[in-house]
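Open the model in your viewer and get ready to select residues by number. This tour goes from stop to stop.

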Amino acid sequence: MLISQDKKGDVSLYKGPIIDMHLHAENNSTLPPEELGLCIPLSNLVPHFDPKQEFGEAWTAALKNPSCKNPMWSSTSFEGYTSKIQSQLETYKVRPVVSGSTPILEEWKQKFSNTMIPSLEFQLERDSIPLDSLRGLFENNGFQVLGEISNQYAGIPPNDPRMDAYYALAEEMEIPVAIHMGTGAPGSPYLFSPKYVAAYSNPLLLEEVLKKYPKLRISIMHYGEPFIDELITMMYHYPQIYVDLGGIQWAYPSDYFYQYHLKKIMAAGFGKRIMFGSDTFLWPELLGKSIDIINEADFLTLEQKADIFYNNAARFLRID
């Protein structure tokens, strides 16, 4: 493909089309009732904490009174939120894989049907979708990806045998799956996900899955962070594994993300299987900031950026 570029100092900036493998759909039922401000990196949102306080209080205080100079602010209406999303998609020429429930994605289709790739979010126990119904959603409702599979938040590992039937169906129908394996929000077990298990980020947990279902296409969302060495050995032995960057680029300071994550995966030789993912949710500007962080990585060539931003995801999704 042709590579459009610009320059920032000595760094070549990729300006071509982008596939975002990791964007969450929100609507009026999921947007907060008041504006909340987000500062990144997320790891420093609550820079220190004394457990004599409730963590939820510290978290809420940080979002209501952000400490950075130019925080991103959430919208309180679907119209305001989708207007910001539209601006981001157009500015950066992004085609997003949008994860959400069926009702929310129906709303999104009305606004973004020509742009979005619908992806059905799924979690065992929460989403009791019979296999026949799931098959119908992919055959008749336009879904193209199964994910985000968020079992980790429910304390369920990716190799739980209850997932076998769903993996088998995805393999049979040649549906790619996207599995959350990695960091959640700081303090997740004390806030939204009391059953969250950090150890279930380990990509080694996928080994028996890929032996059972060798034709299954898997995207590891958040690239199994922080288990980078385990990820590398799995990518080595199971070359159908792809990863998306899943917002980790803004969850931690850029120097840390570059040095200990992205550089290491690239140095291991897997630049053809890293896909861009912003993990955009309540704050649409996260999309542009995520793009900037990858574009400003001076150790990546322009060709490597093109692979991360577009080529690898197009190959994974089988987009002509």
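**Stop 1: salt bridges**

This is a predicted model. Start with the charged side chains: the structure holds 11 salt bridges. Three pairs and one network come up here.

Select Glu106 and Lys109. Their side chains form a salt bridge, with N and O 3.4 Å apart. Both belong to helix α3, residues 102–112. They sit three residues apart there, so about one helical turn separates them. Now check how open each one is. Glu106 is partly exposed, at 33% relative accessible area. Lys109 has 19%. The cut-off for buried is under 20%, so Lys109 counts as buried.

Next, select Glu174 and Arg318. This is another salt bridge, and its closest N and O atoms are 3.3 Å apart. Where in the chain do the partners Glu174 and Arg318 lie? Glu174 is in the loop between α5 (164–173) and β9 (177–180). Arg318 is in the segment after α11 (302–317). The pair links distant parts of the chain, 144 residues apart. Glu174 is exposed, with 51% relative accessibility. Arg318 is partly exposed, at 48%.

Move on to Lys264 and Asp229. The N to O distance in this salt bridge is 2.8 Å. Here two helices are linked: Lys264 is in α9 (residues 254–267) and Asp229 in α7 (residues 228–237). The partners are 35 residues apart. Lys264 is partly exposed, at 34% relative accessible area. Asp229 is partly exposed too, at 48%.

Finish this stop with Glu121, Arg126 and Asp127. Salt bridges that share partners join these residues into one network.

**Stop 2: the largest pocket**

Turn from charges to empty space. The largest pocket holds about 1100 Å³. To find its centre, select His24, Glu26, Tyr153, Phe192 and Phe281. Of the 41 lining residues, these are the closest to the centre.

Now colour the elements around the pocket. β3 (18–24), α1 (55–64), β6 (94–100) and α8 (248–251) each supply at least two lining residues. Which element gives the most to the lining of the largest pocket? Helix α1 does, with four residues. Colour the lining by class as well. You will count 17 nonpolar, 17 polar and seven charged residues.

**Stop 3: the second largest pocket**

The second largest pocket has about 170 Å³ of space. Select Tyr14, Lys15, Tyr92, Ile291 and Asn295. Among the 13 residues that line this pocket, they are the closest to its centre. Three elements give two or more residues to the lining: β2 (11–14), α2 (78–92) and α10 (286–295). The largest share, three residues, comes from α10. By class, the lining has five nonpolar, three polar and five charged residues.

**Stop 4: the cavity**

How many cavities of 30 Å³ or more are there? The count comes to one. The largest cavity has a volume of about 50 Å³.

Select its lining in two steps. One part is Ile149, Asn151, Gln152, Ile156, Pro157 and Pro158. The other is Tyr167, Ile179, His180, Met181 and Tyr200. Which classes make up the lining of the largest cavity? Eight residues are nonpolar and three are polar, with no charged residues.

Definitions and conventions: Residues numbered from 1 in each chain as written. Predicted model: local features only at pLDDT ≥ 70, side-chain atom pairs only at ≥ 80, totals over all residues. Heavy atoms only, no water. 1 Å grid on protein atoms, 1.4 Å probe; cavity = no way out; pocket = protein on both sides within 12 Å on 5 of 7 lines; lining within 4 Å. Points joined across faces, edges and corners; volume = space filled by probe spheres on them. Nonpolar A, V, L, I, M, F, W, Y, C, P; charged D, E, K, R; others polar. Salt bridge = Lys/Arg side-chain N within 4 Å of Asp/Glu carboxyl O. Buried < 20%, exposed > 50% of the residue type's maximum accessible area, 1.4 Å probe, protein only.
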